[in-house]
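Me: I've got a structure here that I'd like to walk through piece by piece. Can we start with the charged contacts and then work through the rest?

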Amino acid sequence: MIRFHIVTLFPDFFDSVLRQGLMAKAIEKGLLSVDLTDPRTFSKDRHRHVDDRPYGGSPGMVMQPEPVCEALRSIATPGRMLAMAPNGHAASQSMVRELSKEEDITILCGRYEGFDARLYDLFPLEPVSVGDIVLNGGETAALCLLEAVSRLVPGFMGKEESGEEESFSCGLLEYPHYTRPPLFEGQPVPEILLHGDHAAIAAWRRARSLATTFSRRPELLDEARLNASDKAVLKSQDRKKTASNIWLCLLEQDEPRKWQKTAYDRLDEEDACSLSDLCKRLGFAAVQKAASKEELCGIFSEAASQAGQEPYIAAVAPWPEKGDTLSSLHLRAVAMERPLVLVAGMRGYLEKTVLKLCDGSVRLPHSLQGLRLGGRDCLAILMDRIVGEYW
């Protein structure tokens, strides 16, 4: 049995969910229990205020620590303590599985601009977020977590295997489902599902799961366990070819001055040839060398002419003193929308006159900072990260 302790300013918010469906049946069976604690009952203010203005100034109000603190301390066995907050760790199915093994779980729901940060020092609260969105309060997020954990409790689901084949259970999104009638408004059920060949159905479902994940959440594939058959399925998928929209331009330069900062060690002709081969393998539009700023501008014009729109020019150079930098993911997104030209110096730097031609600066992977990798290795890692394994 799991005991949920929810600390909320709006206990009535949970009524309908706890009184119907599988949740109500699970509570009736004694598989779980849910108690609600309202911090307002611990307010010493005659108007039962629980919020105040933030120190340092900013719009909105902040939940006061005292009533929330008293509410948390009133719970005899709080167990694992979670705080629903948009700046928390992202909730995941693996986290939910861990929580389903607990006996007591306390969930603190924030409101307004959140609660006083000192609560994290006073209690072992784990900040948790259910997505990169901002809600009116933590109650909606707490409901998501409450339901996700509860359905993993033995006996909660009608069939235990129902929870084992759903999205994220094996690191992939779930395959599509169909039911009767076999033909609906001209749309048939896939033939393979109609003949009872369980091995073929399992293979089809795995392939559809991979295809759905590839199309909607390709980043999940980085952590999924894949076999040779899975690899064949992924290779057959249509890709958003970002690489064909990317140019790499290598600018020939003099040796850097003593005061000149460099992003990586020098490139030689052999390195340039290796990068050219890598660009072909990745499917880049082109790799070109320029001996001057004028030749560089000519390459920009050529890229614009071939693509039919102005390219985004990204400088691969030491971090600028002012201005933001773009990560590999940012550059991938740019390449999906318009041509992208990466400008890199053969000696690891770019002159200010060249930087002025660029729209932004590339943020080299953090793990490479300070390693003084050769220019070829540094650029190869950057290009691979921009394109991504499944793009």
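Reply: Sure, and keep in mind that this is a predicted model. A good place to start is Arg347, which forms a salt bridge with Glu255, the closest N and O atoms being 3.2 Å apart. The pair links distant parts of the chain, 92 residues apart.

Me: Where do Arg347 and Glu255 sit in the chain?
Reply: Both partners are in loops. Glu255 lies in the loop between β10 (246-251) and α9 (269-282). Arg347 lies in the loop between β14 (340-345) and α12 (352-355).

Me: Is Arg347 buried or exposed?
Reply: The cut-off for buried is under 20% relative accessible area. Arg347 has 16% relative accessibility, so the residue counts as buried.

Me: How many salt bridges does the structure hold?
Reply: Side chains of opposite charge can pair when their charged atoms come close. For the structure as a whole, the number of salt bridges is 17.

Me: Which helices does the salt bridge between Asp230 and Arg206 link?
Reply: The two side chains meet at 2.8 Å, N to O. They are 24 residues apart in the chain, and the pair links distant parts of it. Asp230 is in helix α8 (residues 228-235) and Arg206 is in helix α7 (residues 198-216).

Me: And of those two, which one counts as buried?
Reply: Arg206 has 26% relative accessibility, so that side of the pair counts as partly exposed. At 3%, the one that counts as buried is Asp230.

Me: Which residues are linked in a network with Arg80?
Reply: Start with the pair Arg80 and Glu98, whose closest N and O atoms are 3.4 Å apart. That pair joins strand β5 (residues 80-90) to helix α4 (residues 93-99). Arg80 counts as buried at 18% relative accessibility, while Glu98 counts as partly exposed at 43%. The salt-bridge network links Arg80 with Glu98, Glu102 and Glu126.

Me: Moving on to rings, what kind of aromatic pair do Phe13 and Phe14 form?
Reply: The search of the whole structure finds two aromatic pairs, and this is one of them. The ring centres are 5.7 Å apart, with 70 degrees between the planes. Planes over 60 degrees apart count as edge-to-face. So the Phe13 and Phe14 pair is edge-to-face.

Me: Which of Phe13 and Phe14 is buried?
Reply: Phe13 has 34% relative accessibility and therefore counts as partly exposed. At 0%, the buried one is Phe14.

Me: Why does the pair of Phe115 and Tyr120 count as tilted?
Reply: Phe115 is buried at 12% relative accessible area, whereas Tyr120 is partly exposed at 29%. Their ring centres are 5.9 Å apart. What makes the pair tilted is the angle between the planes, which is 55 degrees.

Me: Now the sheet: in what order do the six strands run?
Reply: The sheet is open and its pairing is parallel. The edge strands are β11 (286-290) and β13 (325-326), each pairing on one side only. The full order is β11-β10-β14-β12-β15-β13.

Me: Which residue in β14 stands opposite Trp247?
Reply: β10 and β14 pair in the parallel sense over six bridges. Opposite Trp247 stands Val341.

Me: How many residues of strand β12 are buried?
Reply: In a regular strand the side chains alternate between the two faces of the sheet. On one side of β12 are Tyr312, Ala314 and Val316, on the other Ile313 and Ala315, and all are buried. For β12 (residues 312-316), the count of buried residues is five of five.

Me: Which residues stand opposite Tyr312 and Ala315?
Reply: β12 pairs with β14 over five bridges, and two bridges join β12 to β15. Both pairings are parallel. Opposite Tyr312 is Leu340 in β14, and opposite Ala315 is Ser361.

Me: Last one: how is the lining of the second largest pocket made up by class?
Reply: About 550 Å³ of space lies in this pocket. Of its 18 lining residues, the closest to the centre are Gln260, Trp319, Glu321, Lys352 and Leu355. The elements giving two or more residues to the lining are α12 and β15 (360-362). By class, the lining has nine nonpolar, three polar and six charged residues.

Technical notes
Residues are numbered from 1 along each chain as its sequence is written. This is a predicted model: local features need pLDDT of at least 70, side-chain atom pairs count only at pLDDT 80 or more; totals for chains, interfaces and linings use all residues. Side-chain values use heavy atoms; hydrogens and water are left out. A salt bridge is a side-chain nitrogen of Lys or Arg within 4 Å of a carboxyl oxygen of Asp or Glu. Helices (H or I, at least four residues) and strands (E, at least two) are DSSP runs, numbered from the N terminus. Buried means under 20% relative accessible area, exposed over 50%, partly exposed in between (1.4 Å probe, protein chains only). Rings of Phe, Tyr and Trp (its six-membered ring) pair if their centres lie within 6.5 Å; planes under 30 degrees apart count as stacked, over 60 as edge-to-face and the rest as tilted. On a 1 Å grid over the protein atoms alone, a cavity is a set of points where a 1.4 Å probe fits but cannot get out, and a pocket is an open set with protein on both sides within 12 Å along at least five of seven lines; lining residues have an atom within 4 Å of a point. Grid points are joined across faces, edges and corners, and a volume is the space filled by probe spheres set on the points. Ala, Val, Leu, Ile, Met, Phe, Trp, Tyr, Cys and Pro count as nonpolar, Asp, Glu, Lys and Arg as charged, and the others, Gly among them, as polar. Two strands pair if DSSP finds at least two bridges between them.
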